[in-house]
Amino acid sequence: MQTWTTRNGHTITQVLSGRCNCFLVRRGNARLLVDTGRTAAWGRLRTALALAGVAPGQNLDVVLTHTHFDHAENVASLKQTFRVTLLAHRLEAPLLASGAGPIPAGSVFLTHALMAAAGDRARNWFRYRPATVDIPVDGPTDLEDRGLGVRLVHTPGHTAGSISVIVDDDVALVGDAMVGVMPGAIFPPFGEDRARIVSSWAVLLETDCRLFLPAHGRACTRRTVERQHARYRGRFD
Ligand SMILES: [Zn+2]
């Protein structure tokens, strides 16, 4: 499991990779799981959490960057197994409560054509066990009172309620606000609002983060995000 250490000593461990990268942020006894992955990965997630010292019945803070199925399918199982406090943006809470995060329209030619051909029903193919958000996030949210030098910021575009997790103002966990699948290119293939995707990159660049870890693909450097922001800025306004 790949691990990063931030400037003030938080560790960020990638506990799931593949369909959805999920990360465990730790400092001392405080820990925060960022995204939960698909049900097929539930066994791997449990094992990874056990290896990280999180035992069933213990406290575990969980934040969802947004409520698409590949990020949210394991929330209900986590709530049954651990004493979870779940955080997500208030705009995403009703979607999680209904067990459906509709897939957004394609944001590039290929995915746009794909979703147009598949029709509206396809947007709701993926359903999962519903769950309740314990702490709805609205605006910048500091988690210092939960023992972590972590800030949640609203980075909409992929979905209206997408958030990013800023650790120590050093490393950002960005969900699907960007992707790291193709070197040098970070535009997510699906998104509700392309202009807001780009303006959310500007929000992320206002931090001092040197590394941006997406839910799909590899880490993006600050230089790459700066270049992509310069390329797309104003294009969809
Ligand atoms: Zn998504």
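**Exercise 1. Find which residue stands opposite Val 171 of β11, and describe how the two strands are joined.**

Step 1. In this predicted model, the residue opposite Val 171 is Val 167.

Step 2. Strand β10 covers residues 163–167, and its pairing with β11 is antiparallel, with three bridges.

Step 3. Three residues separate the two strands of this hairpin, and Asp 168 has a positive phi near 60° there.

Step 4. Asp 169 is also in the loop between β10 and β11. Its phi is positive too, about 55°, although Asp 169 is not a glycine.

Step 5. Asp 169 has 16 C-beta neighbours inside 10 Å, so it counts as partly exposed.

**Exercise 2. Determine how many residues of β11 are buried, and which way they point.**

Step 1. Strand β11 spans residues 171–175, and five of its five residues are buried.

Step 2. Side chains in a regular strand alternate between the two faces of the sheet.

Step 3. In β11, Val 171, Leu 173 and Gly 175 point one way, while Ala 172 and Val 174 point the other way. The residues on both sides are buried.

**Exercise 3. Work out the order of the strands in the open sheet that contains β11, and which strands stand at its edges.**

Step 1. Pairing between strands runs through backbone hydrogen bonds and is either parallel or antiparallel.

Step 2. Strand β9 (residues 150–154) is antiparallel to β10, and five bridges join them. One of the bridge pairs is His 154 with Ile 163 of β10.

Step 3. On the other pairing of β11, strand β12 (residues 211–214) runs parallel to β11 over four bridges. Gly 175 has Pro 214 of β12 as its bridge partner.

Step 4. The complete order is β8-β9-β10-β11-β12-β13, an open sheet of six strands with mixed pairing.

Step 5. The edges are β8 (141–142) and β13 (220–221). Each has a single partner strand, so one side of each has no neighbour in the sheet.

Step 6. Helix α7 (residues 194–205) joins β11 and β12 in a β-α-β unit, which is right-handed.

**Exercise 4. Identify the buried residues of helix α1, and say what they pack against.**

Step 1. Helix α1 spans residues 42–51, and its buried residues include Leu 45, Ala 48 and Leu 49.

Step 2. Viewed down the helix axis, the buried residues lie within an arc of 100°, so they line one face of α1.

Step 3. Gly 43, Thr 47, Ala 50 and Leu 51 are exposed on the other side of α1.

Step 4. The buried residues of α1 pack against β2 (11–16) and β3 (22–27).

Step 5. After α1 comes Gly 53, with a positive phi near 90°.

**Exercise 5. Decide whether Asp 35 is buried or exposed, and locate it in the chain.**

Step 1. Asp 35 belongs to the loop between β4 (30–34) and α1.

Step 2. Its phi is positive, near 70°, in a residue other than glycine.

Step 3. A residue is buried if 20 or more other C-beta atoms lie within 10 Å of its own. Asp 35 has 26 within that distance, so it is buried.

**Exercise 6. Describe the protein as a whole, beginning with how many helices and strands there are.**

Step 1. The protein has eight helices and 13 strands.

Step 2. Its radius of gyration is 17 Å, close to the 18 Å of the globule rule for 237 residues, so the protein is as compact as a globular protein of that length.

Step 3. The C-alpha trace spans about 45 × 40 × 30 Å along its principal axes.

Step 4. Of the 237 residues, 44% count as buried.

Step 5. Among contacts between residues at least 6 apart in sequence, 66% join residues at least 24 apart.

Note on methods: Residues are numbered from 1 along each chain as its sequence is written. This is a predicted model: local features need pLDDT of at least 70, side-chain atom pairs count only at pLDDT 80 or more; totals for chains, interfaces and linings use all residues. A residue is buried if 20 or more other C-beta atoms lie within 10 Å of its own, exposed if 12 or fewer, and partly exposed in between; C-beta atoms are placed from the backbone. Two strands pair if DSSP finds at least two bridges between them. A crossover is right-handed if, with the strands pointing away from the viewer, the path from the first strand over the helix to the second runs clockwise. The radius of gyration is taken over C-alpha atoms; the globule rule is 2.2 Å times the number of residues to the power 0.38. Two residues are in contact if their C-beta atoms, placed from the backbone, lie within 7 Å. The arc is that of the directions from the helix axis to the C-beta atoms.
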